[in-house]
Amino acid sequence: MMFLRTNQLNIMLILSGICGALALLVLITRSIPPKRRRALMAIELTAMLLLVFDRYAYIYRGNISQTGWWMVRVSNFMVFFLELTLLFSFNLYLIDLYINEGGLEKVPRRLRAVEVLYVLGVILLTVSQFTGLYYVFDETNHYERAPGYLLCYLIPLVMLILQATVIIRHYKRLRPGLRTPLVLFTIVPIVATAFQAFHYGVSLTNITVVGTAALLYIFALIDLNETVANADQIEIRMLKEEQKNMHILLEQTAEALAGAIDAKDRYTHGHSTRVAEYSRKIAQLSGKSTEECDEIYFAALLHDVGKIGIADKIINKEGKLTSAEYNEIKKHPVIGSQILSRITRSPYLSVGANFHHERYDGKGYPMGLKGDDIPEIARIIAVADAYDAMTSKRSYREPKPQQEVREEIVKGMETQFDPNFAGLMLHLIDRDPDYQMKEREDLTELGGTIEMRFEEYRSTITTGIMVNERPTTIVLNSKRDEDYPYSDCVPTIILFDALDARVHEDDEKKQKEMKYLEYAVIRFNGETICEEARKLETHVTVHDADDIDYESEEKHGIQYTVNAVKWKDHLRLRIDNVYQSLEVILALPDAVRFTYIALTGEHCEISNVKIQKAEKEIDEKEIPRIAEEISYINVPAGDIPNVQVDGWRSAASQGMPVRDNMQIRFHTMSLPTARLIWHCPYVSIYSSKNGQVKGPGFLEYVLVRLDGENWESDANAENKIVVNRTDDFDGWENWKEQNKQGMDCTVSIRRRGNTVTVTTENGGISIKSTTKINKETRDIYAALTGDQCAITNIRYQ
C-alpha cells in the first residue's frame, strides 16, 4: 500500500497514456462493429480522462492559489462524473455484445437499471456540489469526506454488481476471449471499491477500473484477430506461447491489427503472420539476439498496416492492377510508417513498414534506397514478404512451386534482395523438403475436401497429395449414383507429376509450364491405364464375400483404404475394401520426378476422407522391381564408384580422407530432368566413424556447392566462403547448359591442422571456402553429392 501511495501519480500517467493510445487504435480499427467501436472509444477516452483529472486532484491538493482552488474542485467533480460515465460506457459495450454476439433478443432489465442509476448518480453528484453531500474542502484546499460519501461509492458499486450478475448469468453465450475481461472489469473494481472505502488517499478503484478498461480493448482485438483468422488452432497455441515471453500489450495489439489488415484482402489470409514467422527465422539464422528477433517479428507482423488506407476495391481486384492502381498501392508503406511512427517506444515498427519494398539495387520504393542504406530490418522483411507472396494463392494464379520460388530468390540476390538474407531464406527452403512453408488451407491435400461428388468422368479432380518413401494412407467412403450401373460408378486415382501438384488435361501451355506428366490411371474396380509409366503390373485378390449383395451394399457406400508408397523409380499402390484387394506396381520414367495422387471418379460421391502419413520410410525390398533402374553412370569408374544423385543429396560418393594439397577430379552431367541452378555437384567436408556420409557420429562442417551458393552446415565449424564470377561466366542459363552437356571439374583441398580450405572454379564461378573446425579432429573426409546430377570418373590424389 505504501508503494501505491508513493507511486500512484506515475501509475496514473502511464495508464492514461496507454488508454489514449488504445483509443487511437480503436479509431483506426474499422473491422469492429460501429456501435461496439463507439462504446470502446468512450471507455478508453473516459478512462484516460479519469486518471488525468484524478492526478490533477492530487497534484493541486493543498494549493491555496486561485488556480489550485479551481483545479481541485473541477478535478474532483470530473473524477466522480467520469467514474459513472466509464461504467455507463461499459454498459453500452455489454448491451452490444449480448445482443450481437450473445444472441439475446432484448436488453436485460438489470442493464437498463444501470442506465437509471447512472442518471441518478449524475444528479446526486451535481447536488453534492452545492450541498456538500459527498465531500467538502477545508481552508487549506484539502478534500474531506462528507457524511454522505459512502453514497458516492454505493451507486457505482451497485452498477458493477448488476453488470456482474448479467455477465455470470449469460457467461457461456460469449467466447472465452470476450468474457474474461468482462469478469475482470466488474469483479476487480468491486473488490477495490470495498478496500478503498476504508483507505483514504488512494485511488485504487480508479486505477483498477482503468487497467481493466485497457484489457477490454486488448481482448477485443484478440477476439477480432481470431475471428478474422478463422480461429486457427495452431496460431492460437503459438499466440499463447508468445504471450508468456513477450510484451503482452504490444503483441496482442499487433496480432489483432495484422488480422484486420489481412481481412481487407481475401487473398492474403494469414500473410502478415507468415511473413513475421519467416522474418524471425531469418533473423535467428543470422545470429540476432532474442530481443532483436522479437522486434523483427513485430515489425514484419505490421509491415502492411498501411493497406488500411488503400481502397478495398483495389486490394481485392480480380486480376492484375492498372498502372494507376499500382501507384495507389505503392502508397501503403508511407501510410503504414505514418501510423506506426506514433508508437515512439518501438521505432522499428515504422521502419519495417516504410522500407520493406526497397530493393537492394536501388530500384524499389518509396525512397529508392540502395544496399546497406536500406535498414537491416526492412531487408529481412523484403525477402520474407516476397517468399510468402510467391508461395500464396492470388486472384490471378495459384501458389508457385517451391523450386520455382527458390530460383526466383537466387535470381534476386544482389538485385532485389540483400544476398546475405536471401541466402538464409534459401537455407530455410532447403530444410523444407515437404514444402510446409507456404499458405496452408484446411485439408489442402486432395483439394482441401472431405466430401466430393463426381458426375462425368474427370469432370472434377482433386489437388494432388505427394507420394514418397513414407507410406501415405487415404481412407474414404464411396457411394454410387443409383441411376447408373455399378461398373460406371467408381472412384479413380490419377498418378502424375506437376510443379503445382495439380492435374492439367487439355491446356498444353499449362502442361508445359508445370512440367505435367501423367503416369497412370487406376480405377477402384481394378481397371488400369498405363500412360507415361514404363511398366504397370496389377494383382487382384477377391475376398470371400458370397453372402453379401455387392450392389446393395454399394448403395449405402463402401469404405476404401488406399496405401501408396514410392522408392526411387518404383511405386506401389494398394486399394482395399471388404470385397477385394488391388495391388498395382508401377515402374516410373525415372527416380527424379515427384509422384502425386489425385482423386476423381464417375457418377459417385466420396466422403469422410482421412489422410495419414507414416513417420518411417520403407525398405527398398518392400516394392518388387518390375523394370531395370534408370542409370546415367554406366561408364567406367575412377578411384571410387560413380554416383547418381536423383534428388537433393539423395546419394553421396564414398568418403575420401582429406589431406594436405589434395585434388579431386571428376566428370559431372546434370540429369535430363534437371532445370535449376542448383542441380549440380556439391562437396561435403565432414567426419564420421566409418568415413561415410551419414555414418555413425556424422558431423558435416561445410557443404560447398559448385553453383556458389553455400551454407554453414554445422555449428561445430566456422566457415568463410568467398564466391566470385570470373570473365568466363556468361549467365546462369549458359551455366545450366554447361552442366547439361557435362563438364570436367577439379576441386583442390588443403588441410592445415583443423583448418580445411576448398577451392574450385567451374563455368565462371570461382569458390574459396575456408573452414576452421572448433574441435580437434583426426580424420576428416570429403565426399561428392548434389542434386539431379551424375558424377563419374572420380579420381583423387
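Okay, a word on naming before anything else: the strands I'll mention are DSSP runs of E, at least two residues long, numbered from the N terminus. With that, strand β25 covers residues 789-796, and Asn-793 sits in it. Please keep in mind that this is a predicted model.

Let me stay with Asn-793 for a moment. Its phi is positive, about 50°, even though Asn-793 is not a glycine. Why bring that up? Because most residues other than glycine have a negative phi, and most peptide bonds are trans. As for the surroundings, Asn-793 is partly exposed, with a relative accessible area of 33%.

There's another residue like this to look at, His-603. Here phi is about 55°, so positive again, and His-603 is not a glycine either. You'll find His-603 in the loop that joins β13 (595-601) to β14 (604-613). Is His-603 buried or exposed? Its relative accessibility is 3%, and the cut-off for buried is under 20%, so His-603 counts as buried.

While we're on backbone features, have a look at Pro-366. The peptide bond running from Tyr-365 to Pro-366 is cis, and omega is near 15°. Pro-366 belongs to the loop between α15 (348-355) and α16.

That takes us to the helices. Let's take α16 and its partner α10. Helix α10 is residues 271-285 and helix α16 is residues 376-390; the two pack with their axes 8 Å apart, at an angle of about 130°. So we call α10 and α16 oblique to each other. The crossing of α10 past α16 is right-handed. Who makes the contact? On the α10 side, the residues include His-271, Arg-274 and Tyr-278, and on the α16 side they include Ile-380, Ala-384 and Asp-388. Sorted by class, this α10 and α16 contact has eight nonpolar, two polar and three charged residues.

Next up, α11 with α15. Helix α11 is residues 290-301, and its axis comes within 8 Å of that of α15, crossing at roughly 50°. That angle makes α11 oblique to α15. The crossing of α11 past α15 is right-handed. From α11 we have Glu-295, Phe-298 and Ala-299, and they meet Tyr-348, Leu-349 and Gly-352 of α15. The class count for α11 with α15 is four nonpolar, one polar and one charged.

Now for a couple of loops. Gly-557 is in the loop between α20 (550-556) and β10 (558-567). At 18% relative accessibility, Gly-557 counts as buried. What does Gly-557 touch, leaving out residues up to four places away in sequence? The answer is Asn-477, Ser-478 and Lys-479. Take Ser-478: 79 residues separate Gly-557 from Ser-478 in sequence, yet their C-alpha atoms are 5.0 Å apart in space.

The other loop is the one between β6 (491-497) and α19 (508-513), and that's where His-504 is found. His-504 has 11% relative accessibility, so it counts as buried. Setting aside neighbours within four places in sequence, the contacts of His-504 are Ala-498, Lys-510, Gln-511, Met-514 and Tyr-516.

Last topic, cysteines. How many disulfides are there, if we ask for a pair of cysteine sulfur atoms within 2.5 Å? The count comes to zero. Two cysteines to click on: Cys-152 is buried, with a relative accessible area of 5%, and Cys-293 counts as buried at 4%.

That's my tour, thanks for listening.

Note on methods: Residues are numbered from 1 along each chain as its sequence is written. This is a predicted model: local features need pLDDT of at least 70, side-chain atom pairs count only at pLDDT 80 or more; totals for chains, interfaces and linings use all residues. Side-chain values use heavy atoms; hydrogens and water are left out. Axes are lines fitted to C-alpha atoms, for helices over the stretch in contact, and angles run from 0 to 180 degrees between N-to-C directions. Helices (H or I, at least four residues) and strands (E, at least two) are DSSP runs, numbered from the N terminus. Angles under 35 degrees count as roughly parallel, over 145 as roughly antiparallel, 65 to 115 as roughly perpendicular and the rest as oblique. A crossing is left-handed if the near helix is turned anticlockwise from the far one by less than a right angle, and right-handed if clockwise. Contact means heavy atoms within 4.5 Å. Ala, Val, Leu, Ile, Met, Phe, Trp, Tyr, Cys and Pro count as nonpolar, Asp, Glu, Lys and Arg as charged, and the others, Gly among them, as polar. A disulfide is a pair of cysteine sulfur atoms within 2.5 Å. Buried means under 20% relative accessible area, exposed over 50%, partly exposed in between (1.4 Å probe, protein chains only).
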